[in-house]
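Me: I'd like to go through the sheets in this one, and then look at what the record says about the membrane part. Could you take me through it?

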Amino acid sequence: MLNQGSIWRITLTFQCRFGLIQAHRGEKPPLVSLPAFTRPEKPSRKGVDHQEEVNMKKSVFLGALTVAGIIAGGASAATLDEVKARGKLNCGVTTGVPGFAEPDASGVWQGFDVAVCRAVAAAVLGDGNAVEFVPTTGKTRFTALASGEIDLLARNTTWTFSRDVDLKFEFTGVNYYDGQGFMVPKELGVASAKDLDGATVCIQTGTTTELNLADFFRANSISYEPVPIETGAEAVQQYIAGACDVYTTDASALAAQRANFEDPSAHVLLPEIVSKEPLGPLVRHGDNEWADIARWTLNALITAEELGVTSVNLEELSAGTDNPEINRLLGTEGELGSMLGLDAGWAKAALGVAGNYGEIFEQNIGAATPIGLARGLNAQWTDGGLIYSPPFR
Amino acid sequence: MTTLADPHKESFRLSMLLNDTRYRSLTFQFIALVAIIATMAFIGGNLVRNLAEAGLNISYDFLGAQAGYDINQRPISYDSQDTHGRAAMVGLLNTLIVAFLGCITATIIGVIAGVLRLSPNWLVRKIMAFYVEIFRNVPVLIWILIIFSIMINAAPAPNAFRGDEPTASMWLFDSIAVTNRGVYLPKPIWGAGSLLVVGVFIASIIGIFLFRRYARKQLFDHGRLIPTFWPSLALFFIPVILAQLVLGTPVSLEYPALKGFNFRGGITILGSLIALWFALSIYTGAFIAENVRAGILAVSKGQTEAAGALGLRPGRIMNLVVLPQALRVIIPPLISQYLNITKNSSLAIAVGYMDLTGTLGGITLLQTGRAIESVLLLMLFYLIISLSISFIMNIYNNTMKLKER
């Protein structure tokens, strides 16, 4: 309930901005790389560095520091090498959304987003448990990724133009197609979000939520009282206490949080979905090899479901099959693994953690779980959903 | 034979910069100054260069762009179509509101608690010591959250006022509703002729002052003690009520009523404002109490004893003799407590109160991504507010401080 984020926010966002600057600058290295902001510098930049050095000769003082900066920059390697050297993947997750990312009773992180982290860790390091989970809030997540504190962010993050282009991140796919929804207590008797005139609405700040909300209410010419709240847990606390009539965030998060209520059946999700929220894992701009690994690990999970590769028949199929695509996926045919800079069995390792996309979905947030989400848009394209992976060839 | 002559006036040599203690400190100060300037210039230059390379120019154009989000407490008219600049102004006013209210109540709480901490009554003294210690030693953010969560869980939701047998009811003849979303008060509606009523009210306030001055003069000149409390009270209420009756109630009240999801009409004081205000005042009040106690203890005991010897009662001794002298000690630390309230009000986002940090430093910053610009502007705003408070309080301090003749 206590949110440190509110105190550190300024510091963090400031850092974030600097972090971004450092992370996405063009070809030239910074004069001095501060440790927190260092990011992998490619060896190929040495030529530019030299040019830099020449430019700086006007001042011996600054020049010396530039050299120091170059040395500091050159010492860091690409993300893949860093992860391998560390032996652990630093993966950013939420501070706790049931079904998506939450530590279980014994402190082990479980969930739909967590499974993506584990799959990438298994693909790279061969061990799905070689993950350091870093809980992030809506406001700190981009700082953490841009500054290199985490290698991968799998945290219900909406793929938007400005995050991709302006904030300079690389979304590596969509693992859940979501949309902003509304939850109300059943006793209010509200059937549609358009009946919410004058209602008090709890919103989680730091997201696109407040903008979607303002647009929706304005488009329908109805009024509301916004209550901006920093974290989901506090928002739920206020909603349960009746301090707001409505709680709005992504529909999946609403369903997930409702599952933890004392009486989930006393609350309903309204039919209106007011935004498109494709959620997916993301990495920093600039390291395409690492982005490829994250992207194709997710695609491997999706393709495996499409091809019928499950945790049950994984061993059997990886001995070799008649289906060349399964063979390429599982590394018995072709060189896909080495193209990524990984072992041939990378996808097999990723699938070995918790099975394919469908299995992960059912296990964490599916109809049989307390979260109880239907596949809906997140069914395979062959079943009328949007989940679709490019081919493995 | 030797004669005493003036010592030979040594001419300045360069080595004296290091060897002569008269100049050495200057040399080192100069070197340090150059180093500081060089470091700052280097850091600043690095920042500007990195910004330019990343294609990030410092620009405040975003202040003119459409904000797109709503704010729950609007001292000036604002909607989601207005600009980020206006949203920042709304936030600034909200900061000023909570800081102003907080300073007043913290001072009242602090003075009372500080005086009572020195009470001869053991229980009162210990209770106040307990209050000061417990509030002073727990971070204010925790107090804000505790008070807010007590409020939202203890006060009834608007829903509880509904139905044939509501579980909650409004106070004071159905005029005030206390809910977990805020307090709803009646709002005065200014009808025709209300200016006259306001005029009568102002006149009666002036009347009260004049009357009190007269009573004082009587006391000093003739030693006659005229009661002031009841006549003041009468002067305060009777003329206004009479004016209202005579003019046919030009000033009417709009009562809050439950409509739809919420109470509507009347004045709304948001729960988040109340929680923040209360937490800030009670927290800072504990610090002010200690300042007040220090101030009172700084006044020589002889003053109290002398006043007692003149026959003054303890209440009067405190009000007429001790506190006026203690003020000179109390005011300077009080200024920094006022600055603390203003700065601590930036924790407002914890309870969803949209202050300057919540608007400009929160949603605007996140939606526009203009972190450096927003934070610089935020710093500037807080700096201006704080320096203004210091300036005003210093003027007050100068009027209060001991004038040496």
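Reply: This is a predicted model. Two strands are taken to pair if DSSP finds at least two bridges between them, and on that footing chain A has an open sheet of five strands with mixed pairing, in the order β10-β9-β11-β8-β12.

Me: Which strands stand at the edges there?
Reply: Those are β10 (224-229) and β12 (267-269) of chain A; each has a single partner strand, so one side of each is left without a neighbour in the sheet. From one strand to the next, the twist averages 30 degrees.

Me: And how do β9 and β11 of chain A run?
Reply: They run parallel, with three bridges joining β9 (residues 199-204) to β11 (residues 246-250), and A:Ile203 has A:Thr248 as its bridge partner in β11(A). Helix α10 (residues 251-259) of chain A packs on this sheet, where it touches β8, β11 and β12, and its direction makes about 120 degrees with that of β11(A).

Me: OK, chain B now. What is the strand order in its open sheet?
Reply: The order is β1-β2-β7, three strands with antiparallel pairing, and the edge strands are β1 (177-179) and β7 (267-270) of chain B.

Me: Which spans does UniProt list as "transmembrane region" in chain B?
Reply: The unreviewed UniProt entry lists several, including residues 26-48 and 347-369 of chain B. In the model, residues 26-48 are 100% helix, with end C-alpha atoms 32 Å apart, whereas residues 347-369 of chain B are 57% helix and 0% strand, with end C-alpha atoms 21 Å apart.

Definitions and conventions:
Residues are numbered from 1 along each chain as its sequence is written. Chains are lettered from A and ligands numbered from 1 in the order in which they are written. This is a predicted model: local features need pLDDT of at least 70, side-chain atom pairs count only at pLDDT 80 or more; totals for chains, interfaces and linings use all residues. Side-chain values use heavy atoms; hydrogens and water are left out. UniProt positions are given in the numbering used here, feature names are shortened, and annotations may be inferred rather than shown by experiment. Helices (H or I, at least four residues) and strands (E, at least two) are DSSP runs, numbered from the N terminus. Axes are lines fitted to C-alpha atoms, for helices over the stretch in contact, and angles run from 0 to 180 degrees between N-to-C directions. Contact means heavy atoms within 4.5 Å.
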